[in-house]
2 protein chains.
Amino acid sequence: MSKQEIVLTPVPGAGCCAPISDTALDPAGAAEGAVVFKALADPIRLRLFSIITSAGDEVCVCDLTPQFDVSGPTISHHLKVLREAGLVDCERRGTWVYYWPVPERLQWIAGLLAVPETTSAH
Amino acid sequence: MSKQEIVLTPVPGAGCCAPISDTALDPAGAAEGAVVFKALADPIRLRLFSIITSAGDEVCVCDLTPQFDVSGPTISHHLKVLREAGLVDCERRGTWVYYWPVPERLQWIAGLLAVPETTSAH
(Lines give C-alpha, C1' and ligand atoms only; values in the text may rest on other atoms or scores of the structure.)
Protein backbone atom coordinates (compact mmCIF):
# COMPACT_ATOMS: atom_id res chain seq x y z
CA MET A 1 0.00 0.00 0.00
CA SER A 2 1.54 3.31 -1.04
CA LYS A 3 1.07 6.46 0.99
CA GLN A 4 -1.08 7.87 -1.79
CA GLU A 5 -3.59 5.06 -1.59
CA ILE A 6 -4.36 5.48 2.11
CA VAL A 7 -7.98 6.41 2.68
CA LEU A 8 -9.07 7.21 6.22
CA THR A 9 -12.85 7.14 6.34
CA PRO A 10 -14.37 10.00 8.36
CA VAL A 11 -16.95 8.86 10.91
CA PRO A 12 -19.43 11.54 12.04
CA GLY A 13 -18.92 12.41 15.69
CA ALA A 14 -16.10 9.90 16.11
CA GLY A 15 -12.99 11.99 15.46
CA CYS A 16 -11.17 12.16 12.15
CA CYS A 17 -10.80 8.51 11.27
CA ALA A 18 -12.41 5.08 11.13
CA PRO A 19 -12.95 3.27 14.46
CA ILE A 20 -9.94 1.37 15.77
CA SER A 21 -10.06 -2.42 16.11
CA ASP A 22 -11.54 -3.67 19.37
CA THR A 23 -9.18 -6.66 19.39
CA ALA A 24 -6.45 -4.62 21.07
CA LEU A 25 -5.46 -5.30 24.67
CA ASP A 26 -7.72 -3.82 27.32
CA PRO A 27 -6.10 -2.04 30.31
CA ALA A 28 -6.11 -5.24 32.43
CA GLY A 29 -4.45 -7.26 29.69
CA ALA A 30 -1.92 -4.50 29.13
CA ALA A 31 -1.05 -4.45 32.83
CA GLU A 32 -0.49 -8.23 32.78
CA GLY A 33 1.54 -8.06 29.58
CA ALA A 34 3.69 -5.23 30.90
CA VAL A 35 4.74 -7.42 33.84
CA VAL A 36 5.78 -10.18 31.44
CA PHE A 37 7.74 -7.81 29.20
CA LYS A 38 9.38 -6.24 32.26
CA ALA A 39 10.68 -9.69 33.15
CA LEU A 40 12.34 -9.82 29.72
CA ALA A 41 13.59 -6.23 29.85
CA ASP A 42 16.91 -7.13 31.46
CA PRO A 43 19.90 -8.38 29.41
CA ILE A 44 20.77 -11.19 31.83
CA ARG A 45 17.17 -12.40 32.17
CA LEU A 46 16.64 -12.20 28.42
CA ARG A 47 19.78 -14.26 27.78
CA LEU A 48 18.74 -16.79 30.42
CA PHE A 49 15.31 -17.00 28.82
CA SER A 50 16.82 -17.31 25.33
CA ILE A 51 19.12 -20.13 26.43
CA ILE A 52 16.20 -21.96 28.05
CA THR A 53 13.86 -21.58 25.05
CA SER A 54 16.49 -22.42 22.44
CA ALA A 55 17.88 -25.48 24.24
CA GLY A 56 15.26 -27.83 22.80
CA ASP A 57 15.01 -29.48 26.21
CA GLU A 58 14.98 -28.48 29.84
CA VAL A 59 18.14 -26.82 31.13
CA CYS A 60 20.00 -27.48 34.37
CA VAL A 61 20.80 -24.37 36.40
CA CYS A 62 24.32 -25.80 36.63
CA ASP A 63 24.68 -25.16 32.89
CA LEU A 64 23.27 -21.63 33.09
CA THR A 65 25.38 -20.10 35.83
CA PRO A 66 28.82 -20.65 34.20
CA GLN A 67 27.72 -18.63 31.16
CA PHE A 68 27.37 -15.41 33.15
CA ASP A 69 29.77 -13.17 35.05
CA VAL A 70 27.40 -12.82 37.99
CA SER A 71 26.95 -14.94 41.11
CA GLY A 72 24.79 -18.02 41.43
CA PRO A 73 22.32 -16.27 43.75
CA THR A 74 21.94 -13.45 41.19
CA ILE A 75 21.16 -16.00 38.48
CA SER A 76 18.66 -17.66 40.83
CA HIS A 77 16.98 -14.30 41.44
CA HIS A 78 16.64 -13.64 37.70
CA LEU A 79 15.25 -17.13 37.12
CA LYS A 80 12.71 -16.50 39.88
CA VAL A 81 11.53 -13.32 38.09
CA LEU A 82 11.11 -15.27 34.83
CA ARG A 83 9.18 -17.97 36.69
CA GLU A 84 6.90 -15.49 38.47
CA ALA A 85 6.11 -13.92 35.08
CA GLY A 86 4.97 -17.34 33.88
CA LEU A 87 7.67 -17.54 31.21
CA VAL A 88 9.51 -20.58 32.56
CA ASP A 89 8.78 -23.33 35.01
CA CYS A 90 11.18 -25.50 36.96
CA GLU A 91 11.59 -28.60 39.07
CA ARG A 92 14.25 -29.56 41.59
CA ARG A 93 15.66 -33.02 41.15
CA GLY A 94 18.45 -33.97 43.52
CA THR A 95 21.14 -31.29 43.65
CA TRP A 96 19.99 -29.27 40.67
CA VAL A 97 16.97 -27.31 39.46
CA TYR A 98 15.86 -27.79 35.84
CA TYR A 99 14.09 -25.08 33.79
CA TRP A 100 11.89 -25.17 30.69
CA PRO A 101 9.79 -22.57 28.84
CA VAL A 102 5.99 -22.33 29.22
CA PRO A 103 4.68 -22.49 25.63
CA GLU A 104 1.19 -21.17 26.47
CA ARG A 105 2.65 -17.97 27.89
CA LEU A 106 4.95 -17.49 24.93
CA GLN A 107 2.08 -18.02 22.49
CA TRP A 108 0.07 -15.39 24.33
CA ILE A 109 2.93 -12.93 23.97
CA ALA A 110 3.48 -13.88 20.33
CA GLY A 111 -0.19 -13.04 19.71
CA LEU A 112 0.47 -9.51 20.96
CA LEU A 113 3.25 -9.16 18.42
CA ALA A 114 1.30 -10.44 15.42
CA VAL A 115 0.92 -7.89 12.66
CA PRO A 116 -2.09 -8.09 10.33
CA GLU A 117 -1.14 -8.57 6.66
CA THR A 118 -2.63 -5.25 5.68
CA THR A 119 -0.05 -3.26 7.64
CA SER A 120 2.97 -5.18 6.40
CA ALA A 121 3.46 -3.21 3.17
CA HIS A 122 4.89 -0.02 4.72
CA MET B 1 8.04 -36.40 27.06
CA SER B 2 7.47 -37.46 30.66
CA LYS B 3 9.83 -36.56 33.47
CA GLN B 4 10.94 -40.18 33.63
CA GLU B 5 12.13 -40.19 30.03
CA ILE B 6 14.49 -37.24 30.39
CA VAL B 7 18.09 -38.22 29.78
CA LEU B 8 20.78 -35.63 30.34
CA THR B 9 23.95 -36.88 28.73
CA PRO B 10 27.08 -36.31 30.81
CA VAL B 11 29.91 -34.64 28.89
CA PRO B 12 33.42 -35.12 30.34
CA GLY B 13 34.81 -31.87 31.66
CA ALA B 14 31.69 -29.91 30.69
CA GLY B 15 29.62 -29.97 33.87
CA CYS B 16 26.76 -32.34 34.54
CA CYS B 17 24.76 -32.09 31.32
CA ALA B 18 24.84 -31.97 27.55
CA PRO B 19 26.04 -28.72 25.93
CA ILE B 20 23.43 -26.01 25.58
CA SER B 21 22.33 -24.83 22.14
CA ASP B 22 24.50 -22.10 20.63
CA THR B 23 21.49 -20.51 18.93
CA ALA B 24 20.67 -18.52 22.06
CA LEU B 25 21.11 -14.76 22.14
CA ASP B 26 24.65 -13.53 22.72
CA PRO B 27 25.20 -10.70 25.25
CA ALA B 28 24.97 -7.99 22.55
CA GLY B 29 21.71 -9.39 21.18
CA ALA B 30 20.34 -9.66 24.70
CA ALA B 31 21.21 -6.03 25.39
CA GLU B 32 19.39 -4.94 22.23
CA GLY B 33 16.41 -7.16 22.99
CA ALA B 34 16.16 -5.90 26.56
CA VAL B 35 15.77 -2.34 25.25
CA VAL B 36 12.90 -3.46 23.01
CA PHE B 37 11.16 -5.36 25.81
CA LYS B 38 11.64 -2.41 28.16
CA ALA B 39 9.70 -0.29 25.67
CA LEU B 40 6.82 -2.79 25.99
CA ALA B 41 7.10 -3.10 29.78
CA ASP B 42 4.70 -0.25 30.50
CA PRO B 43 0.90 -0.72 30.46
CA ILE B 44 0.20 2.46 28.49
CA ARG B 45 2.91 1.79 25.91
CA LEU B 46 1.84 -1.84 25.57
CA ARG B 47 -1.77 -0.79 25.00
CA LEU B 48 -0.70 1.84 22.47
CA PHE B 49 1.40 -0.78 20.72
CA SER B 50 -1.43 -3.31 20.80
CA ILE B 51 -3.89 -0.82 19.32
CA ILE B 52 -1.42 0.05 16.54
CA THR B 53 -0.61 -3.57 15.66
CA SER B 54 -4.21 -4.79 15.81
CA ALA B 55 -5.69 -1.92 13.78
CA GLY B 56 -4.95 -3.59 10.45
CA ASP B 57 -3.91 -0.20 9.10
CA GLU B 58 -2.00 2.83 10.28
CA VAL B 59 -3.48 4.70 13.23
CA CYS B 60 -3.90 8.45 13.68
CA VAL B 61 -2.60 9.81 16.97
CA CYS B 62 -5.94 11.60 17.20
CA ASP B 63 -7.60 8.20 17.65
CA LEU B 64 -5.07 7.03 20.24
CA THR B 65 -5.12 9.87 22.73
CA PRO B 66 -8.87 9.74 23.58
CA GLN B 67 -8.52 6.11 24.69
CA PHE B 68 -6.23 7.00 27.60
CA ASP B 69 -6.63 9.01 30.79
CA VAL B 70 -3.29 10.75 30.32
CA SER B 71 -2.35 13.93 28.47
CA GLY B 72 -1.50 14.22 24.78
CA PRO B 73 2.17 15.00 25.50
CA THR B 74 2.39 11.86 27.69
CA ILE B 75 0.98 9.76 24.84
CA SER B 76 3.48 11.40 22.47
CA HIS B 77 6.33 10.53 24.83
CA HIS B 78 5.27 6.88 24.99
CA LEU B 79 4.93 6.73 21.21
CA LYS B 80 8.45 8.15 20.91
CA VAL B 81 9.80 5.35 23.14
CA LEU B 82 8.07 2.74 20.95
CA ARG B 83 9.51 4.39 17.84
CA GLU B 84 13.04 4.57 19.25
CA ALA B 85 12.82 0.86 20.07
CA GLY B 86 12.05 0.19 16.41
CA LEU B 87 8.59 -1.20 17.16
CA VAL B 88 6.55 1.41 15.30
CA ASP B 89 7.20 4.03 12.69
CA CYS B 90 5.25 7.17 11.90
CA GLU B 91 4.71 9.99 9.45
CA ARG B 92 3.21 13.44 9.92
CA ARG B 93 0.61 14.39 7.35
CA GLY B 94 -1.04 17.76 7.86
CA THR B 95 -2.26 18.15 11.43
CA TRP B 96 -1.85 14.55 12.53
CA VAL B 97 0.84 11.92 12.94
CA TYR B 98 0.07 8.39 11.75
CA TYR B 99 1.63 5.26 13.30
CA TRP B 100 2.12 1.71 12.04
CA PRO B 101 4.02 -1.35 13.35
CA VAL B 102 7.44 -2.40 11.97
CA PRO B 103 6.96 -6.08 10.98
CA GLU B 104 10.69 -6.85 10.76
CA ARG B 105 11.22 -5.84 14.38
CA LEU B 106 8.22 -7.82 15.55
CA GLN B 107 9.39 -10.90 13.67
CA TRP B 108 12.79 -10.59 15.32
CA ILE B 109 11.13 -10.50 18.74
CA ALA B 110 8.79 -13.36 17.84
CA GLY B 111 11.87 -15.41 16.99
CA LEU B 112 13.13 -14.93 20.55
CA LEU B 113 9.87 -16.33 21.85
CA ALA B 114 9.77 -19.41 19.62
CA VAL B 115 9.80 -22.67 21.56
CA PRO B 116 11.24 -25.81 19.93
CA GLU B 117 8.71 -28.64 19.60
CA THR B 118 10.69 -30.89 21.91
CA THR B 119 10.09 -28.68 24.95
CA SER B 120 6.35 -28.27 24.41
CA ALA B 121 5.30 -31.49 26.15
CA HIS B 122 5.94 -30.35 29.73
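**Sheets and helices in chains A and B**

In chain A, β1(A) teams up with strand β3 (residues 96-101) of chain A, running antiparallel and joined by 2 bridges. Keep in mind that you're looking at a predicted model. Here's how the strands line up in each chain, and which helices lie across them.

**Chain A: the sheet**
- The pairing above belongs to an open sheet of 3 strands, ordered β1-β3-β2 (chain A), with antiparallel pairing.
- On the edges sit β1 (59-60) and β2 (88-93) of chain A, each of which pairs on one side only.
- If you want a residue to click on, try Val59(A): its bridge partner in β3(A) is Tyr99(A).

**Chain A: the helix across it**
- Helix α2 (residues 43-54) of chain A lies across β1, β2 and β3 of chain A.
- Against β3(A), helix α2 of chain A runs at about 80 degrees.

**Chain B: the sheet**
- Chain B has an open sheet of 3 strands too, with the order β1-β3-β2 (chain B) and antiparallel pairing.
- Its edge strands are β1 (59-60) and β2 (88-93) of chain B, and each one pairs on one side only.
- β1(B) and strand β3 (residues 96-101) of chain B run antiparallel, with 2 bridges joining them.
- For Cys60(B), the bridge partner to look for in β3(B) is Tyr98(B).

**Chain B: the helix across it**
- Helix α4 (residues 72-84) of chain B lies across β2 and β3 of chain B.
- Relative to β2(B), helix α4 of chain B runs at about 125 degrees.

Note on methods. Residues are numbered from 1 along each chain as its sequence is written. Chains are lettered from A and ligands numbered from 1 in the order in which they are written. This is a predicted model: local features need pLDDT of at least 70, side-chain atom pairs count only at pLDDT 80 or more; totals for chains, interfaces and linings use all residues. Side-chain values use heavy atoms; hydrogens and water are left out. Two strands pair if DSSP finds at least two bridges between them. Helices (H or I, at least four residues) and strands (E, at least two) are DSSP runs, numbered from the N terminus. Contact means heavy atoms within 4.5 Å. Axes are lines fitted to C-alpha atoms, for helices over the stretch in contact, and angles run from 0 to 180 degrees between N-to-C directions.
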